[in-house]
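Morning, everyone. I have a few minutes on one structure, so let's put it up and go straight in.

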Amino acid sequence: MLVLEQLNDKIVTFERRYGRTPGSILLVGVSKGQSLQAIEVLYEAGQKNFAENYVQEALPKIEQAKHQGLQIVWHFIGKPQTNKLKAIANHFDWVQTLDSITHAKLLNQHRPKEFPPLNCCIQISVKEGKSLMKEELQDLESFAVAITQFERLSLRGMMCMIPATSEFDQQKRYFDVCREAYEHLKQTLPFLDTLSMGMSADFEAAIASGATLLRIGTALFGPRQIKSFKVDR
């Protein structure tokens with residue numbers, strides 16, 4: 001598929017431009033608001049990782065894709081709701097938005113023992129004009145260490161959200177804050193391997209700052225196809 005090829009070419013170009021190892025960045029297609037048919041087209045072109053924001057929208061796609069034999073790796077990138085954690089633990093391969101030890105405990109409890117551990121990223125949000133304070137880094141570290149105690153979870157790294165801006169330099173400053181927090185965590189947990197940051201409008205800056213995983217929706221799929229669906233409560 002031409003769009004996927006062009007996007008992958010851009011990623012490789014940016015990897016080279018910013019001294020990154022070619023092929024070191026995982027592309028995750030954000031399929032929120034997209035049909036399974038649109039996902040299938042990209043899957044057949046070689047895209048295997050997809051992300052959803054809403055459990056109720058995602059489950060029919062996941063079940064149908066499984067029925068069709070598609071070996072998709074599913075990422076959950078929405079805000080976890082307590083009453084949806086069992087479904088997330090049973091149907092997703094990754095949760096990128098973990099921000100609560102209570103949620104971690106429940107995900108661990110609900111993850112089927114016959115499944116591999118659920119890959120997890122801790123979500124942090126960078127506020128405008130603000131770096132993470134020492135106390136915040138200490139809290140982040142304590143949270144990360146606590147997650148490693150759950151046998152059915154596999155902590156992989158961090159997922160970062162930044163304020164919306166079209167300025168490359170500002171994007172990079174925000175992403176640099178995320179990278180510094182990630183590097184701080186790796187001093188205690190050197191096995192971490194995932195820094196998820198960068199979307200359609202800012203993935204060049206994310207690559208420049210050290211992203212290992214990109215979450216791309218519009219630049220890959222185009223406009224959303226599904227105009228209405230039930231929002232998780």
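Disulfides first. This is a predicted model, and the count of disulfides in it is zero. Take C120. C120 is in no disulfide. Its nearest cysteine sulfur belongs to C121, and that sulfur is 7.8 Å away. A disulfide needs the two sulfur atoms within 2.5 Å. Turn to C121 and the picture is mirrored: no disulfide, with the sulfur of C120 nearest at 7.8 Å.

Are these two cysteines buried or exposed? C120 is buried, at a relative accessible area of 0%. C121 is buried too, also at 0%.

Next, the cavity. How many cavities of 30 Å³ or more does the structure hold? One. The volume of the largest cavity is about 30 Å³. Which residues line it? On the list are C160, M161 and I162, then F175, then G198 and M199, and finally D202 and R215. Sorted by class, that lining has five nonpolar residues, one polar and two charged.

Last stop, Q171. Look for it in helix α7, which covers residues 168-188. Q171 is buried, with a relative accessible area of 4%. What does Q171 touch, once we leave aside its neighbours within four places in sequence? Its contacts are I162, T165, S166, A201, D202 and A205. Two of those names should sound familiar. I162 and D202 are among the residues lining the largest cavity, and both are in contact with Q171.

That's my tour. Questions, please.

Definitions and conventions
Residues are numbered from 1 along each chain as its sequence is written. This is a predicted model: local features need pLDDT of at least 70, side-chain atom pairs count only at pLDDT 80 or more; totals for chains, interfaces and linings use all residues. Side-chain values use heavy atoms; hydrogens and water are left out. On a 1 Å grid over the protein atoms alone, a cavity is a set of points where a 1.4 Å probe fits but cannot get out, and a pocket is an open set with protein on both sides within 12 Å along at least five of seven lines; lining residues have an atom within 4 Å of a point. Grid points are joined across faces, edges and corners, and a volume is the space filled by probe spheres set on the points. Ala, Val, Leu, Ile, Met, Phe, Trp, Tyr, Cys and Pro count as nonpolar, Asp, Glu, Lys and Arg as charged, and the others, Gly among them, as polar. Buried means under 20% relative accessible area, exposed over 50%, partly exposed in between (1.4 Å probe, protein chains only). Helices (H or I, at least four residues) and strands (E, at least two) are DSSP runs, numbered from the N terminus. Contact means heavy atoms within 4.5 Å.
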